[in-house]
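Biologist: Thanks for sitting down with me. Could you take me through this one, a question at a time?

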Amino acid sequence: MIPYQLIWLIFFLPLISFAVIALVVRPLVKPGNRISGYLAIAAIGGSLALSIWTLFSVMQQASHEIAVPAITWLSIGSLSVQIGILMDSLTAVMLVVVTLVSLMVQIYSQGYMRGDPGYHRYFAWMSLFTMSMLGLVLANNLLMMFVFWEMVGLSSYLLIGFWFHKPAAANAAKKAFIVTRLGDFGFLAALLLLFANTGTFDIIALRGLAISGVLGGAVLTWAAIGIFAGAAGKSAQFPLHVWLPDAMEGPTPVSALIHAATMVAAGVFLVARTLPLFEHSLVAMNTVAIIGGFTAIFAATMGLVAFDIKRVLAYSTVSQLGYMMLGLATGGVAVGIFHLFNHAFFKALLFLGAGSVNHATGTFDMREMGGLRKVMPWTYGLFIVGSLSLAGIWPLAGFWSKDEVLASALDKQPILFVLALITVFMTAFYMFRAVFMTFTGASRAKTHHEHAEGHSIRHESPAVMLVPMIILGVLAVVSGFWNVTGGFNAFMGEAGETHSFIAGLFGVFAHPLPWIALLVACSGVALAAIMYNTRLLSPEKVGKLFKPLYTLFLNKYWLDQLYEKLFVNNFLLNKLFAGFQWFDTGVVDGAANGAGDATNAAGKALRRAQTGQLQVYALTLGLGLIAIIVCVLIFGH
Amino acid sequence: MGLLSLIIFLPVLGVILIALIPRLAEKTIKWLAAVFTFIPLALAFYLFFVFDRSSGSIGVMQFQENLSWIPAINSFYHVGVDGISLPLVLLMAILGFLVVLISWKVHLRVKEYFIWLLLLETSILGVFASLDLLLFFLFWEIEIVPMYFLISIWGTGRRSYSAMKYVIFTLVGSAFMLAGILALYFTTGSLNMLEITQKIGAAAAVIPLTAIFFLLIIGFAIKLPVFPLHTWLPDAHTDAPTGVSVVLAGALLKMGGYGIIRVCVSIFPDVARTWAPLFIVLAVIGIIYGAAITLRQTDLKRLIAYSSVSHMGYVLLGIFALSQVSLVGASLQMFSHGIVTGLLFAMAGLVMHNAGERDLRKLGGLAKQTPLIAVVFSLAGLASLGLPLTSGFAAEFLVFVGAFSSKVVAGIQVYTLISAIGVVLAAGYILWMIQRVFFGPALEKFNAVKDADKLEMVYMVAFVALILLVGIFPSILTNIYNMGIEPIAKFLIP
């Protein structure tokens, strides 16, 4: 079994790499040197090795847990925070996902970011992100989780805005931070509510209190909904999804790692971590299911019409995260997390594929692509594998986990099941729309590119980028096999049947549901082929036919306008806050200045009374005396 | 003379040397100022390390010096520190030295500038260390004089208006405070804060205790500042020279928060409990309304100044939530705001000095030309918006947790949640500011702008190290705060 000190090392290795790159390499080493990349890769490679060791150690334990002693971080009166590691099967799986995808992406980045003036900064931020994400995964209490939750938010901000000289990137970074922070407000409120009622942040203790019923009623419901608000912000669930498509302004490997495979899945992880709290509140559980199911189809509709290949993938990510939420709410930890596990590999692969295409063409706009199949066969093949997996085609990874989500939704939420099934169709359609627009047909490349240097000739990407993609491609095929035997469910502690691999592989077709799902997915692929490959049906004509819907999807339901223009700019900044400002200078400060002026004026007026003429003084004196006498006569009795 | 007195009066010794030695070179004056602020800093750290943290010393004043001063009115030169005041003495000592470095590029009437600056340090240190109310009041009043000259001579913009406004606001508060101190004296016959705390319950008050409480708190509320007494702050901060803005935001505002805890809450726990709802509402208004107005600012320094109104609201919320955790949070927020906003003002000053521009609408793209300033400015900003692992988060989180679970004030949960919206707004104005100054395409007009030099690196590193240290290991400070807060919190439970 792995010594617990080494589990801590999983977290500290990327931290060390961050510190060394930020404090030593960046100030002292020339920008052309690639040492920072090697450092980051060595650190994350070490973390991956330790994570795999940890996973096997956890598997060997009968309880699927390893005890790690906690440390007191803060102690004030009744408040005591013990930080430590919660090492169970969920943590172990997440560790491997995070470190594995992170390693692949950082190797790929060696090629993708080569020659960028911010090369050192890039790997420093990447290490910071990995450290934060691992801290989040390892956390044994909600406060520690919140700390690293915000830190991954920071890393995401820094990496989205990596090319900060582009106003679009700087805006997207700010938007991502603020929108997720809006969700974090809910998370924070949940923390306060839970602490005020239980006096602890410890996850195991809180789960125990929820299961035993000590923690229940409205408190539990609100706490769970607060936690889900945080999760919805980070996992880009409706109505807080608006930041993720914009986040595509960051470098593409960043999108692959942070905005597809790991950080955006943190919300799903958080809900899985605290699932017993949700399970004891029907309202909270239904909220998760409905938001998840709705987001899945809602995001998919916008993916249907996007022209930017990364945005298609971004909407797809939002949609798949919705699936995971639906899976958690209807099928439990194993179902939701299994989809997260598979999704991490095939979606990272797809993003790296998009990056590879960009590397060759200098654009993300699919209208300027076409015909890349011949130029970059490896990228094409791998992109197809990723798309098939995402579309849920048997026997690739996506099929297995999506099937479980659909099955549990059918069982618990039939209406959401129908939405999810429609989403399967859309998913297959938009992915193969992207495949055909990008890789088949004739080239629609414009002759002049902004990124002319090195990109003018279309080419296949170098091996340093292809090898990580091939590894992820293999995983996109096989990662789903873990649960063909029922092994993943058993590892996650779910009771269920286990069977031999071959029996599971074909036995799944004994049920009608996989047939239906496959048929729906295949028809999605077929429609995409008819419209974008063979052109039997013109996409423009279809677009005209459904003009209102098309406009609605293309404009993202006008939610960006509603939030930014109407609410934030028009209402908050220019009405309410402007009113406050007017009040502050006009009324509050005006009163202070007015008091000063009044004192001045009173002084001036009184000075006029000091005429120096005795007659006037005597007159005043006499009048005052009379006034006193009158008063005494009237009120005296 | 004890160590505490040395810390307080060494800057005055510096003042005397600078004032009396004729024909001093500019450099020599600055070095003298650096030496006579560095020794107090070193001593303050020494006190911090040798401070007795054993459970037997909870609530005990340490390093006390008690000399008869004016026997006729029973007034003493009585100084000492406990867990609440020691970190503030340390904060002022840190800022005192760093501000000399920050002011290194002042070339206008250097001699007078540093005389006033050192005098300011002594007066603020005196406020935090005094245990005699008359002595406390004396230091409180002395501080006005250097502030007036520093703003009106070395300031910018409407500096004489702002300086005068500062003086009048403070003096109005002081007048009420003096009346309150007199009332306390005639009630208990003592000026010793510790004695008064014990005697006040049994003594027959000359005027109702509630009246004394309010007389005293008006002065503190103006200084903190509490809505609606805050309008002097944006003007004074904006127009003061950089170094003075740092002391003003970093240490001077804390005199208000410290006074409320040490005098109002400690001496009048029952009155504080009765009136807590009022102050909590004012705190919430300060937080949200302050943040909202911050979002409308276009001047770099004015934006940071208004953010202080919002951040000091958390101090007031923490204090009047009246629980042990929330009071520790409020105290930590004072320290944290001191280093975070101190650094923000220092960096704003650096941007203004190097780029010659303070209008956020005209700045932009500086991250290319001044990467070091950009990193440190952003870090200070992140601490200001309460990012975890910075001091800002630890402090605000403790205020929230302490306030939300406080059993003292009914309905406080709602107020706490409304206050937490301030954190979202803070993200808005801080990130907007950073984007406006540093991001976007690099502008040609700033091509000649210099990045931070070695001297500036020294204080930048010191500030950043402190912010991270307190953020990652808040117990360094919370353990010591707790020693002063625990005895007070006991009397607050109804």
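Modeller: Happy to. A residue is called buried if 20 or more other C-beta atoms lie within 10 Å of its own, and exposed if 12 or fewer do. Please keep in mind that this is a predicted model.

Biologist: Then what percentage of the residues in chain A is buried?

Modeller: Chain A has 637 residues. Its secondary structure comes to 28 helices and four strands, and the C-alpha trace spans about 120 × 65 × 60 Å along its principal axes. With the 20-neighbour cut-off, the buried share of chain A is 52%.

Biologist: Among contacts in chain A between residues at least 6 apart in sequence, what share joins residues at least 24 apart?

Modeller: A contact here needs two C-beta atoms within 7 Å. Of the chain A contacts between residues at least 6 apart, the share that joins residues at least 24 apart is 78%.

Biologist: What scores does the model get for ipTM and pTM?

Modeller: Let me start with chain B, where 100% of the residues reach a pLDDT of 70 or more and the mean is 94. For the model, the scores are ipTM 0.93 and pTM 0.92.

Biologist: Is helix H17 of chain B largely enclosed or open, and how many of its residues are buried?

Modeller: This helix covers residues 391-404 of chain B. From first C-alpha to last it reaches 20 Å, close to the 20 Å expected at 1.5 Å a residue. H17(B) is largely enclosed by the rest of the structure, because its buried residues number 14 of the 14.

Biologist: Which residues are joined by a cis peptide bond with omega of about 0°?

Modeller: Most peptide bonds are trans. In chain B, a cis bond joins Phe227(B) and Pro228(B), but there omega is about 5°; Pro228(B) sits in the loop between helices H9 and H10 of chain B. For omega of about 0°, look to the loop between H17 and H18 of chain A, where Pro395(A) is found. The pair is Trp394(A) and Pro395(A).

Biologist: And is Arg23(B), with its positive phi, buried or exposed?

Modeller: Most residues other than glycine have a negative phi, whereas phi of Arg23(B) is near 55°. Arg23(B) lies in the loop between helices H1 and H2 of chain B. Because Arg23(B) has 5 C-beta neighbours inside 10 Å, it counts as exposed.

Biologist: How many other C-beta atoms lie within 10 Å of Arg535(A)?

Modeller: Arg535(A) also has a positive phi, near 60°, and is placed in the loop between H24 and H25 of chain A. The cut-off for exposed is 12 or fewer. Arg535(A) is exposed, and its count is 12.

Conventions:
Residues numbered from 1 in each chain as written. Chains lettered and ligands numbered in written order. Predicted model: local features only at pLDDT ≥ 70, side-chain atom pairs only at ≥ 80, totals over all residues. Helix = DSSP H or I, 4+ residues; strand = E, 2+ residues; numbered from the N terminus. Expected span 1.5 Å × (residues − 1). pLDDT = per-residue confidence, 0-100.
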